[in-house]
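Q: Could you take me on a close look at one part of this model, the salt bridges and the helix packing around them? A connected walk through the details would be very welcome.

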Amino acid sequence: MKKITIFLGLFLLLFLVGCGTEEKFPDNIKINGDTEGYTGSTIILTISPTTNHSLQWSSSNDDLATVFDGEVSLLDDGKVTISVLFDGEVKATHTINILPAFDPLNIEGEHYVYIEDTITLTITNQINSDEIIWGVSDNTIAKINDGLLTPLKSGTVIITAYSASQTQGTFEVNVYDNYNPTSIEIIIEEEILFVEGGKHKISYNVYPEYASREVIWEYNEKNVIFDEETLTVEFIIEGKSTLLCRSALDKKIVKIISLNAYHDPSVDVYRILFIGNSLTYTCDVPGIITNMARSEGIPIYVESITTTQYIDEDEVLYRDYLNKKKYSHVVLQEQSYGTYLYYSRFESAVRLFTTLAEEKGIEVILYQTWVYDLIYYNGDKDRQTSVKDIIINSYLNMASILDLKVARAGEAFWEWGIRYPDITLYRDINHQNPIGAYLSACVHFATLFNISPINNKYIYNQVEPENAEKVQLLADEIVFSS
């Protein structure tokens, strides 16, 4: 009995001692940790003071964040409150502002580079001015400094970039020795190319894609303006142009495409057919007119039939041209003495050619020729003057009868001889020299387009500037003031 009493006493003593030493839950518990984070990241929370008591963690919105033993997973942007509980009672709270996650750094650039070359890689989505830290997976293949990659030997590397506020982006680069392409592709997006369409973008590919992109371009300089730096093509005139792209490493690797340019249907285009002889083609009077018009932005295309002396000798060829092509104007130039020795022949030819043209809606202009140089008449000025009057009046009479325009080059030639007797317009007894050709062209230009040739942008370098100015002034006066 005594032993039982002693045992009970000891048990009671131990119980009382145990109750007296149980840990008390701390007052003013506090949660520590970041109050801001980004979607997709985690935040570790701790409490202070620490305790051995069993705690429960909870989130005010599990769609925004979940928590387990103090580790908070941020799921979506917004505000969430994290609570710590003991025996079901909230002891402390902690609010976290969840920000939208920044995308990893996006690296852009060429995925290949050749030995002895470099490429620049760029970041396209940097959100602030944080320093970008670049890295390379194998610094024996390439090195990178501030986005500039320098290859060292062939191989493949992974380029990395990260900043304090954005996660790491990666980019693969292949380093090759110079590699000849096996083929080239030229690409132009527009299906219909208009002369008035401005600059058209050209691109090209080489295959395989890691082959050298160093190429040589060749093209028809008379028809197009090609900018090799911007890879744009601008058409000067309508029609087909050839564009050639050749590998600089292997000139046998070539791609050729044909570009066919048209004028916009809303644009008035001058298509002129000259019928004449050597007074038309000597010094290329139609060519000068063409260059003067294009310098003013006027779309113009000129063809000539100059294989015979007299207009009517070209009838068959003339009919063929009119049937095959569309013209806006026909310019008729007769053999000079044919207008007075064979006037009826001249008249019949002009009537026929005018009728054929007008049936197709073509406007006819008469190319008034000039009298031969005085030396042809052995210095007989009266005789030269008489012939001059017949030639000039022959064209004016036909123009009056048929209601046609006259390009009064013959009158301009005569007036020039009066004003500038020491500056000849003749290459021989009847053909024009460059000054005479330019005078004829300026008269035609003003007649065709109703525009003064004064200060025309085209510089005809076969004539001295002071003489060119005289020509322009006289042509303007003949056409618009006489």
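**Salt bridges and the helices around them**

A: Let's begin with a network: salt bridges link Asp-312, Glu-313 and Arg-345. A salt bridge here is a side-chain nitrogen of Lys or Arg within 4 Å of a carboxyl oxygen of Asp or Glu, and by this rule the count comes to 16 salt bridges. Please keep in mind that this is a predicted model, in which local features need pLDDT of at least 70 and side-chain atom pairs count only at pLDDT 80 or more, while totals for chains, interfaces and linings use all residues. Residues are numbered from 1 along each chain as its sequence is written, and side-chain values use heavy atoms, leaving out hydrogens and water.

Helix α4 covers residues 315-324; helices (H or I, at least four residues) and strands (E, at least two) are DSSP runs, numbered from the N terminus. One salt bridge in this helix pairs Arg-319 with Glu-315, their closest N and O atoms being 3.0 Å apart. These two residues are four apart in α4, which means that about one helical turn separates them. For accessibility, buried means under 20% relative accessible area, exposed over 50%, and partly exposed in between (1.4 Å probe, protein chains only). Arg-319 is partly exposed at 36%, and Glu-315 is partly exposed at 25%.

A further pair in α4 is Lys-324 with Asp-320, where the closest N and O atoms are 3.5 Å apart. Lys-324 and Asp-320 are also four residues apart, about one turn of the helix. Lys-324 counts as exposed, with 64% relative accessibility, whereas Asp-320 is partly exposed at 30%.

Arg-319 and Glu-315 turn up again in the packing of α4 against helix α6 (residues 343-358). The two axes come within 11 Å and cross at roughly 10 degrees, which makes α4 roughly parallel to α6. Axes are lines fitted to C-alpha atoms, for helices over the stretch in contact, and angles run from 0 to 180 degrees between N-to-C directions. Angles under 35 degrees count as roughly parallel, over 145 as roughly antiparallel, 65 to 115 as roughly perpendicular and the rest as oblique. From α4, Glu-315, Tyr-318, Arg-319 and Leu-322 meet Leu-352, Phe-353, Leu-356 and Ala-357 of α6, contact meaning heavy atoms within 4.5 Å. By class, this contact has six nonpolar, no polar and two charged residues. Here Ala, Val, Leu, Ile, Met, Phe, Trp, Tyr, Cys and Pro count as nonpolar, Asp, Glu, Lys and Arg as charged, and the others, Gly among them, as polar.

Another helix pair is α3 (residues 285-295) with α9 (residues 434-449), packed at an angle of about 55 degrees with axes 9 Å apart. That angle makes α3 oblique to α9. The crossing of α3 and α9 is right-handed: a crossing is left-handed if the near helix is turned anticlockwise from the far one by less than a right angle, and right-handed if clockwise. On the α3 side, the contact involves Val-285, Ile-288, Ile-289, Met-292 and Ala-293. Their partners in α9 include Tyr-438, Cys-442, His-444, Phe-445 and Phe-449. The residues of this contact divide into 12 nonpolar, two polar and no charged.

Back to salt bridges, Arg-408 pairs with Glu-411, with closest N and O atoms 2.9 Å apart. Arg-408 is buried at 19% relative accessibility, and Glu-411 is buried too, at 16%.

A few places along the chain from there, Lys-405 lies in strand β31 (residues 405-407). Lys-405 is partly exposed, with a relative accessible area of 39%. Setting aside residues up to four places away in sequence, Lys-405 touches Glu-363, Val-364, Ile-365, Leu-366 and Thr-447. Ile-365 is 40 residues from Lys-405 along the chain, yet their C-alpha atoms are separated by 5.0 Å.
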